[in-house]
Amino acid sequence: MCPGWPDGLTRVRSAVWLDDLAREAVHALKYQGWQRIAEPMAATMTRLEPLRSEHVLVPVPLSPRRLRTRGYNQAEMLARALSRLTDLPCRTDLLQRVRETGTQTALAPEARRANIAGAFIGRDVAGTRLVLVDDVLTTGATLAESAEALLEAGAACVEAITFARARVPIE
């Protein structure tokens, strides 16, 4: 666990480093509409812990405006593909983004935390063991804030997996 992360976010794993090839795959899914690439990306994630039978997959939600613009949520595409590959349930109704946030890509770690603070609310997840799913881990600000919302909603445990991890220090 990293300092500043909620105590209940017990583990975060990524399938690959965000090198040139992984960046191309992420950008193809996220910005170029290549939704079919989610399946092979998810296949690389299937070996990651904590994908066990008692877990429920929860994709990190986009803001309504970004969802309308993009037409789909890349994290949801990955979570649904993982669900098909692992037979774990995927629930898109347990975490909601309740406010618009600016893009995180050009922000420093402290600014990312401030940008995303209070952006999510969890639904009633009492006693549930959850795995957040997202495309890229950079500083962990989005995963930490998402996990905090789910823990406040009663989650027993929140872990996270991403397709790629950026090679920057996680603070």
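In the predicted model, the protein chain exposes about 8300 Å² of accessible surface. Carbon and sulfur atoms supply 51% of this exposed area. Of the 171 residues in the protein chain, 50% are buried. Contacts between residues with a separation of 6 or more are dominated by long-range pairs, with residues 24 or more positions apart accounting for 79% of them.

The secondary structure of the protein chain comprises six helices and six strands. Along the sequence these elements succeed one another in the pattern β-α-α-β-α-α-β-α-β-β-α-β. Four of the strands are assembled into an open sheet with the order S1-S6-S5-S2, and the pairing within this sheet is parallel. The edges are occupied by strand S1 (9-17) and strand S2 (55-59); each has a single partner strand, so one side of each is left without a neighbour in the sheet. On average, neighbouring strands of the sheet are turned by 25° against each other when direction is ignored.

Within the sheet, strand S5 (residues 129-137) and strand S6 (residues 157-165) are joined in the parallel sense over eight bridges. In this pairing, Leu132 is placed opposite Ala160 of S6. Two helices are found packed across the strands. Helix H2 (residues 38-45) lies across S1, S5 and S6 and runs at about 120° to S6. Helix H4 (residues 74-86) lies across S2, S5 and S6, its direction being at about 125° to S5. Strands S5 and S6 are thus contacted by H2 as well as by H4.

Charged side chains were examined next. Side chains of opposite charge can pair when their charged atoms come close. A search of the whole structure identifies seven salt bridges. One of the pairs consists of Arg84 and Glu39, whose side chains meet at 2.8 Å, N to O. This pair links distant parts of the chain, with Arg84 in helix H4 and Glu39 in helix H2, 45 residues apart. Arg84 has a relative accessibility of 53% and therefore counts as exposed, while Glu39, at 30% relative accessibility, counts as partly exposed.

A salt bridge is also formed between the side chains of Asp20 and Arg23, with an N to O distance of 3.8 Å. Because these two residues are three residues apart in helix H1 (residues 20-31), Asp20 and Arg23 are separated by about one helical turn. Asp20 counts as exposed at 60% relative accessibility, whereas Arg23 counts as partly exposed at 34%.

The side chains of Arg91 and Asp93 likewise meet in a salt bridge, at 2.8 Å, N to O. Arg91 is assigned to the partly exposed class with a relative accessibility of 35%, and Asp93 is also partly exposed, at 39%. In addition, Arg11, Glu49 and Glu159 are connected in a network of salt bridges.

With regard to covalent cross-links, a disulfide is a covalent bond between the sulfur atoms of two cysteines. The structure holds zero disulfides. Cys90 has a relative accessible area of 17%, under the 20% limit, and is therefore classed as buried. Cys157 also counts as buried, with a relative accessibility of 7%.

The surroundings of Val98 were considered individually. This residue is located in the loop between strand S3 (95-97) and helix H5 (109-116). Val98 has a relative accessible area of 46%, which places the residue in the partly exposed class. When residues up to four places away in sequence are not counted, Val98 touches Gly118, Ala119, Phe120 and Ile121. The C-alpha atoms of Val98 and Leu62 are separated by 9.6 Å, the two residues being 36 residues apart along the chain.

Note on methods. Residues are numbered from 1 along each chain as its sequence is written. This is a predicted model: local features need pLDDT of at least 70, side-chain atom pairs count only at pLDDT 80 or more; totals for chains, interfaces and linings use all residues. Side-chain values use heavy atoms; hydrogens and water are left out. Buried means under 20% relative accessible area, exposed over 50%, partly exposed in between (1.4 Å probe, protein chains only). Contact means heavy atoms within 4.5 Å. Accessible areas come from the Shrake-Rupley method with a 1.4 Å probe; for residues, only the protein chains shown count as cover. Two strands pair if DSSP finds at least two bridges between them. Axes are lines fitted to C-alpha atoms, for helices over the stretch in contact, and angles run from 0 to 180 degrees between N-to-C directions. A salt bridge is a side-chain nitrogen of Lys or Arg within 4 Å of a carboxyl oxygen of Asp or Glu. A disulfide is a pair of cysteine sulfur atoms within 2.5 Å.
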